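Please take a moment with the sequence and the three-dimensional view below before reading on. The paragraphs that follow go from one residue to the chain and then to a second residue.

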Amino acid sequence: IFIKILKKLKMKFHEKGIYFQTKGPRLETKAEINLIKNFADVVGMTMGKEATLANELDLEYASLCSVDNYAHGLVKKLLSEEEIRENQIKMSKKIEKVIDEILKL
């Protein structure tokens, strides 16, 4: 159902991947990203524990989250804190659309 909604809204998403959870609240250092990029597709501060527990209980799990900044060292131009917040605002509007569709079910 979740994937159908995302396709209906023509939103970019990843059905599978490797997630690396870091302890926040802070952005990862360039050295951390240089290590993590060899093992994961996306890095964040949430979701890892919940996904592990769901897997142990043999439950399906999906996360509705956004990537608001590219990790340090993966792009030439680093984002400012203001640009990251602007990305968060844009993504929150998209997430609201997904939630609206879920509530219609």
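In which helix is isoleucine 102 found? This is a predicted model, and in it isoleucine 102 belongs to helix H4, which covers residues 81-103. Its relative accessibility is 35%, and because buried means under 20% and exposed means over 50%, isoleucine 102 counts as partly exposed. On the surface, Ile102 joins Ile1 and Leu105 in making a nonpolar patch of about 350 Å².

With that helix located, the chain as a whole can be described. The secondary structure of the protein chain consists of four helices and two strands, and someone reading along the sequence meets them in the pattern α-β-α-β-α-α. Taken along the principal axes, the box filled by the C-alpha atoms of the protein chain is roughly 45 × 35 × 20 Å. The protein chain has 105 residues, of which 17% count as buried, and the area that the chain exposes comes to about 8,900 Å², with carbon and sulfur atoms supplying 57% of it. If one takes the contacts in the protein chain between residues at least 6 apart in sequence, 53% of these contacts join residues at least 24 apart.

The second residue to look for is glutamate 28, whose place is in the loop between strand S1 (19-21) and helix H2 (30-36). Is glutamate 28 buried or exposed? Its relative accessibility is 13%, and since the cut-off for buried is under 20%, glutamate 28 counts as buried.

What, then, surrounds this charged side chain? Although glutamate 28 is buried, it has no salt bridge, and the nearest side chain of opposite charge, that of arginine 26, lies 5.9 Å away; a salt bridge would need the charged atoms to be within 4 Å. The side chain of glutamate 28 does, however, make a polar contact with the side chain of threonine 22, at 2.7 Å. A further reference point is asparagine 69, which is 41 residues from glutamate 28 in sequence, while the C-alpha atoms of glutamate 28 and asparagine 69 are 11 Å apart in space.

Definitions and conventions: Residues are numbered from 1 along each chain as its sequence is written. This is a predicted model: local features need pLDDT of at least 70, side-chain atom pairs count only at pLDDT 80 or more; totals for chains, interfaces and linings use all residues. Side-chain values use heavy atoms; hydrogens and water are left out. Patches are made of residues with over 30% relative accessible area and no salt bridge: like charges are joined within 9 Å, nonpolar side chains (Val, Leu, Ile, Met, Phe, Trp, Tyr) within 5 Å. Accessible areas come from the Shrake-Rupley method with a 1.4 Å probe; for residues, only the protein chains shown count as cover. Buried means under 20% relative accessible area, exposed over 50%, partly exposed in between (1.4 Å probe, protein chains only). Lys and Arg count as positive and Asp and Glu as negative; His and the chain ends are not counted. A polar contact is a pair of N or O atoms within 3.5 Å; within protein, one must be able to donate a hydrogen and the other to accept it, and residues adjacent in sequence count only if both atoms are side-chain atoms. Contact means heavy atoms within 4.5 Å.
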